[in-house]
Amino acid sequence: LFTAVTTFGKLFFGMLLALFLNRRFLLSNFLRTTVYLPSVVNTIAIGIVFTALMHPSRGLLNAVLGVFGLPGLKWLTDPSIAMLSVCGIEIWKWSGYIMMILLAGLQNVAPEYYEAADIDGAGGWHKFIHVTFPLIRPAFNNCLILNIIGGLKVFDIVLATTGGGPGMTTQVINSVIYRSYS
């Protein structure tokens with residue numbers, strides 16, 4: 001479950017970010033750096049920060065929900081949403097890395113292809129499906145493989161946030177192995 005959710009999420013958000021930040025505008029370089037930055041921060045540190053942000057009674061996320069009149073959630077202690085919360089942290093951390101790989105692929109697409117698509121009357125979606133995606137498929141495939149491998153070998157974010165709990169709802173392959181030998 002962790003591998004499937006995070007692979008889809010990182011590829012989806014990484015692609016959206018890459019398409020958005022492929023354009024030149026005033027803050028594009030700043031935004032690229034800001035989005036990429038979480039991928040170079042230590043995962044244990046991110047886990048500790050998000051454990052505090054997602055605290056059921058004192059966490060910033062529940063305080064923000066309270067401002068809008070919504071009830072707070074037990075992000076990392078409720079068995080029904082704990083795994084999705086950990087997946088959300090992982091997606092947030094690595095989407096910028098995926099964005100950079102896809103952005104490099106997007107910047108290698110020659111503008112002549114888009115000009116030809118414009119002459120043929122293609123809209124934005126058709127340009128993406130028939131021009132952009134086929135030309136960045138090697139970068140996309142690399143991201144897909146990296147995400148699957150990363151999802152199967154994850155351990156640190158689970159250990160830092162939930163330790164595999166509550167109960168065993170956020171157990172992944174490596175945390176099961178860790179518990180069996182400790």
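## Two helices around the largest pocket

Helices α5 (82-107) and α7 (124-152) each contribute at least two residues to the lining of the largest pocket. This is a predicted model, and the pocket is a friendly place to start a tour of it. The biggest share of that lining, five residues, belongs to α5.

The space inside the largest pocket comes to about 280 Å³. Its lining has 13 residues, and Glu90, Trp94, Leu146, Gly150 and Lys153 are the closest to the pocket centre. Sorted by class, the lining holds five nonpolar, three polar and five charged residues.

## How α5 meets α7

The two helices that share this pocket also pack on each other. Their axes, those of α5 and α7, come within 9 Å and cross at roughly 155°. An angle over 145 degrees counts as roughly antiparallel, so α5 is roughly antiparallel to α7. The crossing of this pair, α5 and α7, is right-handed.

From α5, the contact takes in Tyr97, Ile98, Ile101, Leu102, Gly105 and Leu106. Facing them in α7 are Thr132, Ile136, Ala139, Phe140, Cys143, Leu146 and Asn147. The contact of α5 with α7 has ten nonpolar and three polar residues, with no charged residues. Leu146 has a part in two of these stories: it belongs to the α7 side of this contact, and it is among the residues closest to the centre of the largest pocket.

## A second partner for α5

Helix α3 (residues 43-53) packs with α5 too, at an angle of about 130° and with the axes 11 Å apart. The two helices, α3 and α5, are therefore oblique to each other. Here again the crossing, of α3 past α5, is right-handed.

On the α3 side, the contact is made by Thr43, Ile46 and Phe50, and on the α5 side by Ile89, Trp92 and Lys93. By class, the contact of α3 with α5 has four nonpolar residues, one polar and one charged.

## The second largest pocket

What is the volume of the second largest pocket? It is about 240 Å³. Helices α6 (111-119) and α7 each supply at least two residues of its lining, and the largest share, four residues, comes from α7.

The lining of this second pocket is formed by Leu19, Asn22, Leu106, Val109, Ala110, Pro111, Tyr114, Gly124, Lys127, Phe128 and Thr132. Seven of these residues are nonpolar, three are polar and one is charged. Leu106 and Thr132 are familiar from the contact between α5 and α7, where Leu106 lies in α5 and Thr132 in α7.

How values were computed: Residues numbered from 1 in each chain as written. Predicted model: local features only at pLDDT ≥ 70, side-chain atom pairs only at ≥ 80, totals over all residues. Heavy atoms only, no water. 1 Å grid on protein atoms, 1.4 Å probe; cavity = no way out; pocket = protein on both sides within 12 Å on 5 of 7 lines; lining within 4 Å. Points joined across faces, edges and corners; volume = space filled by probe spheres on them. Nonpolar A, V, L, I, M, F, W, Y, C, P; charged D, E, K, R; others polar. Axes fitted to C-alpha atoms, helices over the stretch in contact; angles between N-to-C directions. Parallel < 35°, antiparallel > 145°, perpendicular 65-115°, else oblique. Left-handed = near helix turned anticlockwise from the far one by under 90°. Contact = heavy atoms within 4.5 Å.
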